[in-house]
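Student: Could you take one part of this model and go through it closely, element by element? I would like to see how its pieces are placed against each other, and then how other parts are arranged.

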Amino acid sequence: MIEVTDLSFKFNKKPVLENINVRFGEGEFILIAGNNGAGKSTFLRCLTGVLTPLSGSVHYQEGLSKQRIGFIPDRLGFFENFTLKKAIDFHTRVFHTDGFDDSLLKELELDLNSQVKTLSVGERTLFLFSLIIAQKPRLLLMDEILHAVDAYLRDVFLDRLLDMIAQYNTTVIAVNHTFSEIEKIPERVLVMENGRFIIDEKTDALREKVKKIELEPNGTVPDELPVLFKKETPYIKEYYVYPFEERMKAAFDVKFRDLNLADILKSFIGGYYVKKRV
Amino acid sequence: MLRKEFSEVLKQSLFFILLAVTIPFGLKIVSAYRSITYFELFFSLYQIGVLIFVMFLGNSLFLWDRKQRAEDYLLSLPYTKLRLLGIKVLPRWTTAVFFYLVFLLLYLCSGEGFPMASVFSFTYIYFSLFIIALTLSLCLENYIISAVVTLLAMAAFLWTICLIPTLLSQWLYGVDINLALENLLLMKFYFGKLPLSFIAIIACLLLPFSAAFIFSFKKIGIQPVSRFNKQYFKIFVPLLAAGVVLASLLTYSLFTPGDKTYYLTEGRRLIEWSYMAVRVYDGDSVAEIASSSFKINSILIEAGDNLYAREFNFPGDSTYFLRLDIKTPNIETVYKLEGRYISGFTGPWLFRNTIAIVEGYPGEADKMLHLIDVNTKEVKKIKLQHTSRCQVNLFGADEAGGKRFWLVDSESKPGHSVYRLWENGEKEELGTSQRFPFYVNGVLITYAKDMATLRKLVPRGITDAWAAGTAGNAGNVKTIRVGEGLIFQSYRSHELDNPPLKEIIGAIHDRNNNTKKYYSLDMENLELREMKAINDQIKQSTRRGPGWMSLFRPTPDEYYYIEYKWKNKRLDYWKIYAFNKGELTLLKELPFLGRQTKIAVCRGGIIIREPGRLNVYAFPDLRELKFKKLK
């Protein structure tokens, strides 16, 4: 659906994205994780055309028009003085949509005559999302929009998101810093570090490749183990191993534990900061 | 999207219209501008206001989107960037054109000569400012800083436009840079004599702004403006250099040495001056005075072989008063006025060998009279103290009891107060006048409503008959009925040392009905006679439309009635009549004059200039004079 070739971008002289080559397929749900400043938001903006890359290209599948691409930026920016009614009218006209399903707004009891600027962050997120649903999107790009949404609205959002994916076979590329609530959704995970993807794996495969070892404070792990990230407290030592291979279970006398996606991603991000310190 | 943009611009426009309409009302109520009509005030403010508004229109291209942090949404809309730019620019451009058309309409309604700058100058400035503001709109995030930077860029733009021909004129002709700047362009730019071809030069300098903006816009995003600016200036700087070179080449192709101005003396010598030189043509001969350090602004006084002129030294650090000796010929500085009063003075007036200048702005009460001996260059300064702020003019000078004096009119709100200032600084109050006073043949004339009071200050034979005294009038004072509004015209306003006049001319100007009636007053018997032939001609010309006229009296016994008519901002026709023994005789008629025709009426005759042609006609019969060496 999207093919990114040699994509690079700089802010002033600082490289933000460096020669990125990646492909995203139709109907995939992709999660992009990474430390702050890794280049995730910039990457999404390059995909939408909000930013023009310094070099390289982004090719969309033939027939995928911009009218079917939805983008919810982290800043949730919109024309603040518009009423919701005017915003809906504007968006549906500009994107030539057939209609607008206001059930989400009704569920949230949003007054259509209120201005966009009066909405809370959660309400605004769902309002923008409802505008995008009207586009029947084949591609949805979301940039870190869930962290400020309360638990109830987050559930509402995710329900609608899954409905939308099912209905329109939407490809979703989501940048997120909180992973637990979408743990089970992504099929593919990419981890970005210093403007490059250091991990690009199917979620299940990634789960198999990252394991944790827990030891007493005086315990040690063999030097041969590829430790991604180490966490020490006065009571416990944690070692995150990547890439884990099944043969390691027999080779080393330690217990390898499974990790959930949130912990896996945290270990990669933590690993970045360890490397940075070193 | 286009509808949204139009709607936003419409709101801004309505706000501007509201301000433009109400502020003049407010100012009129506050009183300072009560003497000006609402329309005049409105139009003056409109010209300034619309320039500010059009700058705002340009600067605010993405201002609201940035303020609302809606750039992400805006740039993710299903438009190409160029289409988005088109959608943003179109309503603003349409609005700018609309307000420009309003300006044109107001200009046409305003009558001749009212606007501060010409249509051409306004057009250049208006659209240049809009384009510069628009193209700088993405370079800065803050509106106030944007406005300041736009104004600085606009100033630099105007100065570059001025500088190119200035430097060329210095390089090609060795002309003093200040003079070239003043004469060649700046004055023309602001007062509207630029050729249309100059648009090409302006376009050359505007193009770098526009091109840099359009190309950089492709890189627009939510990134800091510094990235956009880097891209912008990367394109702008080489294009600007190319634009300056191209503009210079175009200027070079258009370049002509500065305007020449002419004056015909009573002795039929033709004086020609430009910033290059002053030439005196006399029949078949010509004498030249190189004057690269002088730029005569206007010749004000003719006294025998000496002409007195004023020179404004750009950029305005001094004003020179010059004497041209056309016999030698020679040019010299008589006086140099410096400091803050370089344009705050009235005069000069010549009496015998003394030039008088009154220094001081109308908003000030105290003035300084400068008396300059033109031969010795000695200067005497006398402080003139008044109780309120006023405009001070000298209208007469004479000698009594071996002492010289000057007659001073101090005009302030209630009317005119008149006093005599002796050369030793002594001040002698002479009463008040409702209108500008007059001095002739040793007689001071002041006015009440429909009366004129004649008061003999210095004995002259010509007034002996009435000055003997009759009942109700003191020997030296006579009051006569002259009609409401009549005002006698000075014979030569800058020359106070005039010959005795047998009759003086006055006029009543009825501005409401656009009529003027001329009268002559016999100074021996004080009989006021209507100048019927002239008044009939005025009636006839006003019936044909709004005609203008003036009465010119180069010598005490010669009168010329000049009639001219403007049509669509151009001189439609021009006629000159001789007035002799109560009758008018048509001497010359010039119908359908070209836009560039210039007519000057001088002491010695009239000068008619058209591109590539110069005709000089001498009084009294307007016979054409030929000067062999005149190019």
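Tutor: What follows is a close look at one pair of helices, with the paired strands of the other chain taken up after it. The model is a predicted one, and everything below should be read in that light.

The part I would choose is the helix pair in chain B, where the axes of helix H5 (residues 81-110) and helix H6 (residues 119-135) come within 12 Å of each other and cross at roughly 165 degrees. Angles over 145 degrees count as roughly antiparallel, and H5(B) and H6(B) are therefore roughly antiparallel to each other. The crossing in which H5(B) passes H6(B) is right-handed. On the side of H5(B), the contact is made by Val89(B), Ala96(B), Tyr100(B), Phe103(B), Leu104(B) and Tyr107(B), while H6(B) contributes Val119(B), Phe122(B), Tyr126(B), Phe130(B) and Leu134(B). Sorted by character, the residues of this contact comprise 11 nonpolar, no polar and no charged.

As for the chain around this pair, chain B has 12 helices and 32 strands, and buried residues make up 34% of its 631 residues. Of the contacts in chain B between residues at least 6 apart in sequence, 46% join residues at least 24 apart.

Chain A offers a view of strand pairing, beginning with an open sheet of three strands in the order E2-E1-E4, paired in the antiparallel sense. Its edges are strand E2 (14-24) and strand E4 (55-60), each of which pairs on one side only, and neighbouring strands of the sheet are turned by 20 degrees against each other on average, with direction ignored. Strand E1 (residues 2-11) of chain A is joined to E4(A) by five bridges, the two running antiparallel, and Ser8(A) has Ser55(A) of E4(A) standing opposite. Helix H1 (residues 40-48) of chain A lies across E1, E2 and E4 of that chain, and runs at about 60 degrees to E2(A).

Further along chain A, strand E10 (residues 211-215) pairs with strand E12 (residues 237-241) in the antiparallel sense over five bridges, and E10(A) also pairs with strand E13 (residues 256-257), again antiparallel, over two bridges. Lys212(A) can be followed through both pairings, since its bridge partner in E12(A) is Tyr240(A), and in E13(A) Lys212(A) stands opposite Arg257(A).

Notes: Residues numbered from 1 in each chain as written. Chains lettered and ligands numbered in written order. Predicted model: local features only at pLDDT ≥ 70, side-chain atom pairs only at ≥ 80, totals over all residues. Axes fitted to C-alpha atoms, helices over the stretch in contact; angles between N-to-C directions. Helix = DSSP H or I, 4+ residues; strand = E, 2+ residues; numbered from the N terminus. Parallel < 35°, antiparallel > 145°, perpendicular 65-115°, else oblique. Left-handed = near helix turned anticlockwise from the far one by under 90°. Contact = placed C-beta atoms within 7 Å. Nonpolar A, V, L, I, M, F, W, Y, C, P; charged D, E, K, R; others polar. Buried ≥ 20, exposed ≤ 12 C-beta atoms within 10 Å, placed from the backbone. Pairing = 2+ DSSP bridges.
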